[in-house]
Amino acid sequence: MERNLENEIDELKNQLKEIKELLISRKEPKIGEWNPENEKKIDDVREWAKETNNELGAMFYYGFFSREHYGAKWDLRDGINDLMNMPQEKLSVVLSSLGNQQRWEILCALLKKPMTVAQIMEEFDMKTSGKAYHHLKSLIAADLLEEVKDKDVEKGSYSVKGHRVAGIILVLTGVQKLTDTVYSSGEWNLE
């Protein structure tokens, strides 16, 4: 029996085309694009919002943060009503503390590793310790930082409070979502 190579090649091309179409159809959604596989998760969020009288909705979030000698994991949920009704004085203190570029830089540096005032001054080219303490005082007043009491860390070092890590990362995530043009288009779809 003689082989028909031309037919075999055509058949292989067709099979490759089918495989390619299958792979494309299974491709992960693009950033900002709804993933239908998340519908069950959204149903769970809707149910929790209903149970907690959060008719505006709810937000679930989970994640982890890890650095040497320190880590945080979270699986949290908040009702939109609760978020919108939080005490304004708390909101003002935290947002005014975070509304400074150098404080954000310090906060992000302290997320990575504890630092002393001298290290902060050096890292951020500050001429006086007063300037460093000014920023630290604001971040401490917002209950974001603490002086580290760990024998493995240099005395007088500051770090982000462990239970505040998720909130700080969520603020960064929120700002990224507010500024990324991918999220500037589309429609509200509540179905």
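Accessible area, as I use the term today, comes from the Shrake-Rupley method with a 1.4 Å probe, and on that basis the protein exposes about 15,000 Å², of which carbon and sulfur atoms supply 55%. Please keep in mind throughout that this is a predicted model.

Let me begin with the overall layout. The secondary structure comes to 8 helices and 5 strands, and, reading from the N terminus, the elements run α-α-β-β-α-α-α-β-α-α-β-β-α. Of the 191 residues, 26% count as buried. If we take the contacts with a separation of 6 or more, residues 24 or more positions apart account for 50% of them.

I would like to spend some time on helix H2, residues 39-51. At 1.5 Å a residue, its 13 residues should span 18 Å, and the end C-alpha atoms are indeed 18 Å apart, so the expected and the computed span agree. Which residues of H2 are buried? They are Val45, Trp48 and Ala49, and because these buried residues fall within an arc of 100° when one looks down the axis of H2, they line one face of the helix. That buried set packs against strand E1, residues 58-67, and strand E2, residues 70-79, whereas on the other side of H2 we find Lys40, Lys50 and Glu51 exposed.

H2 also carries a salt bridge, in which Arg46 pairs with Asp43, the closest N and O atoms being 3.6 Å apart. Both residues lie in H2, 3 residues apart, which is about one turn of the helix. Arg46 counts as partly exposed because its relative accessibility is 40%, and Asp43, at 38%, counts as partly exposed as well.

After H2 comes Asn53, which sits in the loop between H2 and E1. Asn53 has a positive phi of about 55° although it is not a glycine, and, with a relative accessibility of 61%, Asn53 counts as exposed.

A second residue with a positive phi is Asp125, where the angle is about 50° although this residue, too, is not a glycine. Asp125 has its place in the loop between helix H6, residues 117-123, and H7, and its relative accessible area of 58% makes it exposed. The side chain of Asp125 meets that of Lys127 in a salt bridge, at 3.5 Å from N to O, and Lys127 is likewise exposed.

How many salt bridges does a search of the whole structure find? The answer is 7, and one that I would single out joins the side chains of Lys161 and Asp143, with an N to O distance of 2.3 Å. Lys161 lies in the loop between strand E5 (157-160) and helix H8 (165-179), while Asp143 lies in the loop between helix H7 (129-141) and strand E4 (145-147), so this pair ties together parts that are 18 residues apart in sequence. Lys161 counts as buried because its relative accessibility is 16%, and the cut-off for buried is under 20%; Asp143, at 27%, counts as partly exposed. Going back to H2 for a moment, salt bridges that share partners join Glu39, Asp43 and Arg46 into one network.

Helix H8 can be treated in the way I treated H2. For its 15 residues, 1.5 Å a residue gives an expected span of 21 Å, and the end C-alpha atoms are 21 Å apart, so here again the two values agree. The buried residues of H8 are Val165, Ala166 and Ile168, and because they cover an arc of only 165° around the axis, they are on the same side of H8. Their packing partners are E1, E2, helix H5 (101-112) and E5.

Finally, a word on the surface. Where is there a nonpolar patch? One is formed by Leu56, Leu83, Met84 and Met86, which together have about 370 Å² of accessible area. Met84 belongs to helix H3, residues 80-84, and Met84 counts as exposed because its relative accessible area is 56%, with the cut-off for exposed set at over 50%.

To draw the threads together, H2 has its buried residues on one face, packed against E1 and E2, and H8 also packs its buried residues against E1 and E2, along with H5 and E5.

Definitions and conventions
Residues numbered from 1 in each chain as written. Predicted model: local features only at pLDDT ≥ 70, side-chain atom pairs only at ≥ 80, totals over all residues. Heavy atoms only, no water. Patch = residues over 30% accessible without salt bridge, like charges linked within 9 Å, V, L, I, M, F, W, Y side chains within 5 Å. Salt bridge = Lys/Arg side-chain N within 4 Å of Asp/Glu carboxyl O. Helix = DSSP H or I, 4+ residues; strand = E, 2+ residues; numbered from the N terminus. Buried < 20%, exposed > 50% of the residue type's maximum accessible area, 1.4 Å probe, protein only. Contact = heavy atoms within 4.5 Å. Expected span 1.5 Å × (residues − 1). Arc of directions from axis to C-beta.
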